[in-house]
Amino acid sequence: MNSGIYILSLPIQSGKTTLLQDWVKAQTVSVAGFLSPDINGRRHLLNISTNELRCFQLADDADGVKIGRFVFDSAVFEWGKEILQRSLQATNDWIMIDEVGRLEINENSGWEPI
């Protein structure tokens with residue numbers, strides 16, 4: 001593939017993260033960044049380079065970053081930004097961000113400005 005930005009867009013809960021996980025496992029080139037798998041009904045953040053996993057989604061009534069009806073841990077957002085920053089500074093063939101949404105597009109927040 002040529003260099004550039006690729007966007008995978010499919011309906012909600014259609015298996016995008018699973019598709020990306022399978023793609024990462026099949027690669028012979030370096031892939032960094034993170035995936036956001038749903039485990040036991042909660043969104044997590046998975047560092048592709050280290051396989052470290054952190055719970056990202058909080059209980060609905062918790063203090064955190066609210067996106068629609070969901071609440072996310074601001075400390076895990078910061079960790080995700082660190083993953084992206086390290087990925088950009090290293091030599092990788094691919095950098096994956098699963099996922100980009102309202103915060104980044106409408107509010108210049110979330111994974112922004114990384």
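In this predicted model, strand 1 (residues 31-35) sends its side chains two ways. V31, G33 and L35 point one way, and A32 and F34 point the other way. All of them are buried. Strand 1 is thus described as mostly covered, with five of its five residues buried.

Two partners pair with this strand. Strand 8 (residues 94-97) runs parallel to strand 1 and is joined to it by four bridges. In that pairing, F34 has I97 as its bridge partner. Strand 3 (residues 42-47) pairs with strand 1 in the antiparallel sense, over two bridges. Here F34 stands opposite N47.

F34 also reaches beyond its bridge partners. With neighbours within four places in sequence left aside, F34 is in contact with L45, L46, I48, G80, I83, L84, M96, I97, D98, E99 and W111. Several of these names return in the cores described next.

The largest nonpolar core holds 11 residues. Its members are F34, L45, F56, F72, V76, F77, W79, I83, L84, L103 and W111. Helix 2 (residues 74-89) gives the most to this core, with five residues. Another core lies apart from it. That core has seven residues, including L20, V31, I48 and M96. Strand 1 therefore has a residue in each core: F34, which points one way, belongs to the largest core, and V31, which points the other way, belongs to the second. In soluble globular proteins, nonpolar side chains tend to be buried together.

Aromatic rings recur in this region. Eight aromatic pairs are counted. F56 and F77 form one of them, in an edge-to-face arrangement. Their centres are 4.9 Å apart, and the planes are 75 degrees apart. The pair links distant parts of the chain. F56 sits in the loop between strand 4 (53-55) and strand 5 (57-58), whereas F77 sits in helix 2, and the two are 21 residues apart. F56 counts as buried because its relative accessibility is 6%, under the 20% limit. F77 also counts as buried, at 6% relative accessibility.

F77 has a further aromatic partner in W111. This pair is tilted, at 4.7 Å centre to centre and 50 degrees between the planes. F77 lies in helix 2 and W111 in the segment after helix 3 (102-107), so the pair ties together parts that are 34 residues apart in sequence. W111 is buried, with a relative accessible area of 5%. One aromatic cluster takes in F34, F56, F70, F72, F77 and W111.

Two members of that cluster, F70 and F72, lie in strand 7 (residues 70-72). Strand 7 belongs to an open sheet of three strands, in the order 5-7-6, with antiparallel pairing. Strand 5 and strand 6 (65-67) are the edge strands, and each pairs on one side only. Strand 6 and strand 7 pair in the antiparallel sense over three bridges. Within this pairing, I67 stands opposite F70.

Notes. Residues numbered from 1 in each chain as written. Predicted model: local features only at pLDDT ≥ 70, side-chain atom pairs only at ≥ 80, totals over all residues. Heavy atoms only, no water. Core = buried A, V, L, I, M, F, W, Y, C linked by side-chain atoms within 4.5 Å. Buried < 20%, exposed > 50% of the residue type's maximum accessible area, 1.4 Å probe, protein only. Contact = heavy atoms within 4.5 Å. Phe/Tyr/Trp six-rings, centres within 6.5 Å; stacked < 30°, edge-to-face > 60°. Pairing = 2+ DSSP bridges.
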